[in-house]
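Work through the exercises below with the sequence and the model at hand, and compare each step with the solution given.

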Amino acid sequence: MSLAIPNGLDNTVEQPGERAPLVLGDTTYHDITEAVCQVAERKPSTSWVIGFLISFALLQWLGICILYLIYTGVGVWGNRSPVFWGWPIVNFVFWVGIGHAGTLISAILFLFRQEWRTSINRAAEAMTIFAVVCAGTFPGIHVGRAWLAFWLAPYPSLNLWMWPQFRSPLLWDVFAVSTYGTVSLLFWYMGMVPDLATFRDRSVNKWRRMAYGVLSLGWSGSSRHWMRYEKAYALLAAFAAPLVLSVHTIVSFDFAVSQVPGWHTTIFPPYFVAGAIFSGFAMVLTLMIPARKMLGLENLITIRHLDNMCKIILATGSIVGLAYGTEFFIAWYGQVQEEKFAFTNRAFGPYWWAYWTMVTCNVISPQLFWFKKLRTTPWMIVLVCIFVNIGMWFERFVIVVTSLSRDYLPSAWAYFSPTWVDWSMLIGSFGLFFTLFLLFCRLMPVINMAETKATLAKQYHVSNDGEH
Amino acid sequence: MFRVRSDQETTDVGQTFYNCELMSENNEKKVHGVVAEYTSVDTLLSACRRVRDAGYEKTDAFTPFPVHGIDKALGIKPTVLPWIVLGAGLTGTATALVMQIWMNSIDYPYIISGKPFLSLPAFMPVAFELTVLFASFGAFFGMWALNGLPKFSNPVFTDPRFDRVTDDRFFLYIDSKDDQFDRGGVEKLLGDTDTDYVQTVVDDDSSDKVPKPFFMMWGLVVGLSVIPLLVVLKMRVSHSSQPRFHVFYDMDFSPAKDAQQYSTLFRDGRAMRPDVPGTVARGEEQADLNYMTGIDMEALTAIDRPRAERLVRRFNPYFQGETESAAENETEGAGKTSTEIEPEKKPVTVGDGDSDKSEADEVPDATAEPSVVEPTPWLDSNPLVLNEKVLADGRKNFGIYCSVCHGMNGSGNGLVNVRAQKIISPDWIQPSSLHQETLYANKYPDGKLFSTISNGIRKMPGYAGQIKTRDRWAIVAYVRALQLSQNASIEQFKNLDDSERAKILKEQIEAKKALKDKADAAAKAAKEKAQADEKAVLEEADAQEADAREADVQEADVQEADTAKAST
């Protein structure tokens, strides 16, 4: 199989009158099947086993911390008056943001007919779901009495005799995040069914065949089925596109609808959405670049894919930078004393180090992607993306903590410091994320084979290579 | 059902074995149709077209990915799925709106930010989310339902070669239910296309029973998941003599401390917290009663002893009423902690103006004798030593407490009043302007003004509990300064030389003239406007009349022309 070695073609350059190929090498349909299936079929590599053990250990640690938290109370966190939101909400917004890239790639790029999405959408969607799982954990335990978190749901309660308050953005958030999680799951699973059928048909083990047989629902590849399937997929994409924008908008309402200086701004929805896409793409790249190397998928996830994603990071990173500037301008232009103070305090107050870390990572580092050399050198992309991830975590930290720690009442001002439980939970949430992601790599088709084959078919058609 | 093969299914051995098996059993098994295999999209599509043109309708193609243009090549009709999705989405919108309106506007109305109970904008985010959720469910489940999936047993799966349909092979299938179906003809038709594999699809002879372990697993999961629910249900309907089990004891019984107890929460180990520095307990203030009440107590004792005693008692709860003079109690009255007001009946004293209504403790009582009419001996001057600092403090406190109603300049038009006028509040009484002559020092002594600030008047509450005594006197001083600022006569300025005096007088006259001119001009303009409006109305009426007339004439012309045409 010639798959492991790219054929040296530079597909980042568009030739006039000719589309640059998205699948490289002398790849056939069967090669795609082989390349993707071997990831799940062969024995796990040492690096996978080590990675999984580390992630799983961190996940256990997260579980222990959650038990400790529930047993002891929320005082184990650094959340003290006046910063009651603290790291749990910082982590929640961070993970929800990460969870935006998947559906964006699947839905919006699908609607725009960006075919380069085909080989990265599956893993990105999986990431979305795992990130939403991580995100959902934090508000769930942050409610204080985690065993009563179901009170968020509007159910006829015999204990409360009352309903949730639908005019609160916090309740909108419950609906937005759970709808997003559900729709992303449907979208991901539906996209995976034909590929699970491929897994089923290649299985030699009885139980494996049965498991994939159930998961693939008896998919036969019938053209009538494909027709309805494509219609349903397009419809889901059309719903998921506004949904993905609505989710972070509503998350930003949690802040913007309140009256805390530094939060009460109308710029929050677009600014949060851009930040979410920014961080999501950075996370996708951080994961995909090592994964494509380790799993030998360089001909399917090509330099062109990385290049395109870097451009999106550059664009959204610049939007985020513009938003930072606009916030400061409005704080000055609006002439509200508290707002002015909130922003001066952000940049030059006790949390100046967090603010400038954020600016360096989010505004300056993506600007490196103006250089094509950087956009096409995988290890450099990973480096920049890790900076972006750090920066985006700090962005949420800056927004949540600096505003709360110094609001209207100077006598209540205090400096926030996290505890070891805060740290453990942040690191543990990465354990949860990577455990799920590594399991996904082993058990599920990491690349959308059906769509990639369709892309390949078009490529044959264009180059008029009827040999196949 | 789940067909299991021991080795790679596409190996020649397996295939040959399958074919032999098929040949020997063909006669007994039901034939579902015929399938042909292709290796590329183009050969499949041309075969499809041929089959379609030959008139077959119950056909299907099986491909590893959606093939563009196959619906036309096979004659597949569009799906109704979008309509299902539309219905589901609208159901979602309706569900969300009905749910929110019922829950928050009808069944359990919440008052949030003074908004109406039924405020649609706030219900939009959830309505949007549920629309998307329901529509997505519609698309997802609708698609599987229309496709007849999940369906684990499918005759096409019997052929091991068919496993490559999810890899790199394309199949064309003609169903035996088709009207034209004739096995030999179909095989020949398909054989003529660009294929090297044509095969009959026969019944699946593998067991159609779901394997037992699957059922057992399923049963186990369902059984286990029901247990907690059953336990909860049982607890809801049963009674127990045991005390309730407290998972988190300290959350159910919060460890609140009593006075004098030890606590580990604070560094000093005390559960009681010391007062915030600067706290003044009630009755603790050390000052004489004239200063506290704004009344000359000695004079009041001479006129109205019971009232004086009552006032003393108010500032000193230990006072029994036997003391000779209230003035003696002034010093004893300090340092105590209660200000209970005794609802003792007493004659109404009527001072000058609206006077004593300002004293909160003096409720007018119809049963009391109205004949006792005694003026209150208010303090005439401010007991504070007046200087710039006192005035500055007065100004600061006036800005904090008084200006919201009385306005920054004391004209009685503060922000609260502006708002109240705007919403036409029915029980609002306009705050007094502090520049009325009745409130000047000669008619409304400083002590009375102090008492009004302390105890309130009409709708105005007393501020004794919020503003320190000294600062209330400072406000009195500042109010006097304000009054002077708006109504000073030139005679009150002693240090002016003649030229300055003349200049001010001149300016005054000019200002008055300017004001008068402005008022005249405004009146004139209003008058002219009224006239102009009247005139415009008249003119408009004239114009309409003229238009109507013109229209009549035109109509008549047209009619004339018509009749002329008709006649020719």
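**Exercise 1: a helix and its two sides**

The face of H11(A) turned away from its buried side carries Gln337(A) and Phe348(A), which are exposed (12 or fewer other C-beta atoms, placed from the backbone, within 10 Å of a residue's own; buried means 20 or more). This is a predicted model, in which local features need pLDDT of at least 70 and side-chain atom pairs count only at pLDDT 80 or more, while totals for chains, interfaces and linings use all residues. Residues are numbered from 1 along each chain as its sequence is written, and chains are lettered from A in the order in which they are written.

Task: determine which residues of H11(A) are buried and what covers them.

Solution. Begin with the buried residues of H11(A), which are Glu339(A), Ala342(A), Phe343(A), Asn345(A) and Arg346(A). They lie on the same side of H11(A), because they cover an arc of only 160° around the axis (taken from the directions from the helix axis to the C-beta atoms). Finally, their cover includes helix H10 (303-334), helix H12 (352-364) and helix H14 (378-405) of chain A.

**Exercise 2: the contact between the chains**

Task: state how many residues each chain gives to the contact, and which element of chain B gives the most.

Solution. Chain B gives 58 residues and chain A gives 56 residues, where contact requires C-beta atoms, placed from the backbone, within 7 Å. On the side of chain B that touches chain A, H5(B) gives the most, with 16 residues (helices are DSSP runs of H or I, at least four residues).

Methods:
Two residues are in contact if their C-beta atoms, placed from the backbone, lie within 7 Å. Helices (H or I, at least four residues) and strands (E, at least two) are DSSP runs, numbered from the N terminus.
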